[in-house]
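Let's take a walk through this structure together, one stop at a time. Keep the 3D view open as you read.

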Amino acid sequence: MRRMVWSLMSVAALALAGCNSSNAPEQGSDNAAAAAKANTVSGTVAVRGGGTVSPEAKLVVNLVDVSSTDQADATPLASKTIAPVQFPQSFELNFNPADVNPADLYVVKAELSDGERQYKMALQAPVLTKGAPNQVSIELVAEQTPGEKELADFQAVQKQIGGMKISNGTKLEKDVSRAWQVFRQNGAVQFIRGRADYGDKGFTSTDYAYKDGKPWVVVQQKKASQDAKPSSTERAGWDKDGNLVLKQVVSGDKTEALGDDEAASLKKQAEDILNLATGGKGK
């Protein structure tokens with residue numbers, strides 16, 4: 001009987017040892033996964049509205065400490081540049097856990113550039129410390145291009161010209177008949193609305209906006225005749241430093257870049273009609 005009891009105890013001990021040995025690899029896998037997670041931040045990046053970008057678009061993702069007031073010179077704990085980009089775009093950043101201070105605040109910053117178009121994060125994405133996760137979902141929002149901003153500001157001024165002081169003028173030339181309205185505010189020309197009839201060669205309707213006496217934005221519609229629909233609309237605009245930032249030509253549903261020569265021609269027209277409408281005074 002005693003031999004049988006010992007035999008049963010031996011079987012139980014072996015079975016227990018077998019169970020422990022089978023669990024050991026699983027615990028090791030969990031530890032490895034935890035170790036990997038401790039030095040990795042990952043996630044996905046998407047664009048609000050599901051927009052698409054060109055093959056030249058570039059996405060930069062950084063892991064940064066935002067606790068310091070002087071963040072401009074702060075070196076990211078990890079950084080990755082992704083190009084080309086396809087949304088939703090996944091990313092993974094590997095960092096040194098020894099560089100992380102539990103008392104600091106860390107975020108993932110993502111910025112996308114596509115030509116003149118810039119995309120910024122809609123919300124901050126904290127990670128690592130203060131209960132934040134190691135995995136985030138980031139949404140980017142398209143910002144206005146410099147040209148779009150100038151056009152939006154121009155359109156805002158355009159809506160206000162009814163409250164400005166208005167004067168009119170006309171001039172008959174050999175090949176063209178011109179008419180214009182000048183809109184002044186505080187003694188300075190803000191806006192000129194010009195019409196030019198070239199007979200069988202067509203008709204143009206142009207809005208010229210000025211800042212500090214210099215051409216700011218020009219929007220010109222080209223037509224077969226005064227009552228016809230525009231065949232094309234050209235837009236040119238310059239920032240405060242005189243750089244050409246708005247350059248568009250719209251024909252039907254198609255928008256293309258306006259050439260530098262065409263933009264220069266619109267600027268020259270703006271200078272000429274300002275000189276004509278003000279008798280050379282510019283105001």
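Glu-234 counts as buried in this predicted model, because its relative accessibility is 9% and the cut-off for buried is under 20%. You will find Glu-234 in strand E14. What does the side chain of Glu-234 make a polar contact with? The partner is the side chain of Lys-222, at 3.3 Å. Leaving aside neighbours within four places in sequence, Glu-234 is also in contact with a set of residues that includes Val-218, Val-219, Gln-220, Gln-248, Val-249, Leu-258 and Leu-266.

Now step back to the sheet around it. Strands of a sheet pair through backbone hydrogen bonds, either parallel or antiparallel. Here eight strands form an open sheet in the order E9-E10-E11-E12-E13-E14-E15-E16, and the pairing is antiparallel. Strand E9 (165–172) and strand E16 (254–257) each have a single partner strand, so they stand at the edges with one side lacking a neighbour in the sheet. From one strand to the next, the twist averages 15 degrees. Helix H2 (residues 146–158) packs on this sheet, where it touches strand E11 (188–197), strand E12 (203–211), strand E13 (214–223), strand E14 (232–238) and E15. The direction of H2 makes about 85 degrees with that of E13. At the E16 edge, four bridges join E16 to strand E15 (residues 244–251), the two running antiparallel. One residue to look for there is Gln-248, whose bridge partner in E16 is Ala-257.

Next, turn to the nonpolar cores. In soluble globular proteins, nonpolar side chains tend to be buried together. The largest nonpolar core here has 25 residues, and Leu-59, Leu-63, Phe-91, Val-108, Leu-112 and Ile-138 touch the most other members. Among the elements that give two or more residues to this core are strand E1 (40–47), strand E2 (58–65), strand E4 (89–94) and strand E8 (135–142). Which strand gives the largest share? That is E5, with four residues. A second, separate core holds 17 residues, including Val-182, Val-218, Val-249 and Ala-263.

Leu-63 is a good residue to click on: beyond its neighbours within four places in sequence, its contacts include Val-41, Pro-76, Leu-93, Tyr-106, Val-108 and Val-127.

Our last stop is Pro-133, in the loop between E7 and E8. Pro-133 counts as partly exposed, because its relative accessibility is 42%. Its contacts, leaving aside neighbours within four places in sequence, are Pro-126, Val-127 and Leu-128. Pro-133 and Ser-42 are 91 residues apart along the chain, while their C-alpha atoms are separated by 9.7 Å.

Technical notes. Residues are numbered from 1 along each chain as its sequence is written. This is a predicted model: local features need pLDDT of at least 70, side-chain atom pairs count only at pLDDT 80 or more; totals for chains, interfaces and linings use all residues. Side-chain values use heavy atoms; hydrogens and water are left out. Two strands pair if DSSP finds at least two bridges between them. Axes are lines fitted to C-alpha atoms, for helices over the stretch in contact, and angles run from 0 to 180 degrees between N-to-C directions. Contact means heavy atoms within 4.5 Å. A nonpolar core is a set of buried Ala, Val, Leu, Ile, Met, Phe, Trp, Tyr and Cys residues joined through side-chain atoms within 4.5 Å. Buried means under 20% relative accessible area, exposed over 50%, partly exposed in between (1.4 Å probe, protein chains only). A polar contact is a pair of N or O atoms within 3.5 Å; within protein, one must be able to donate a hydrogen and the other to accept it, and residues adjacent in sequence count only if both atoms are side-chain atoms.
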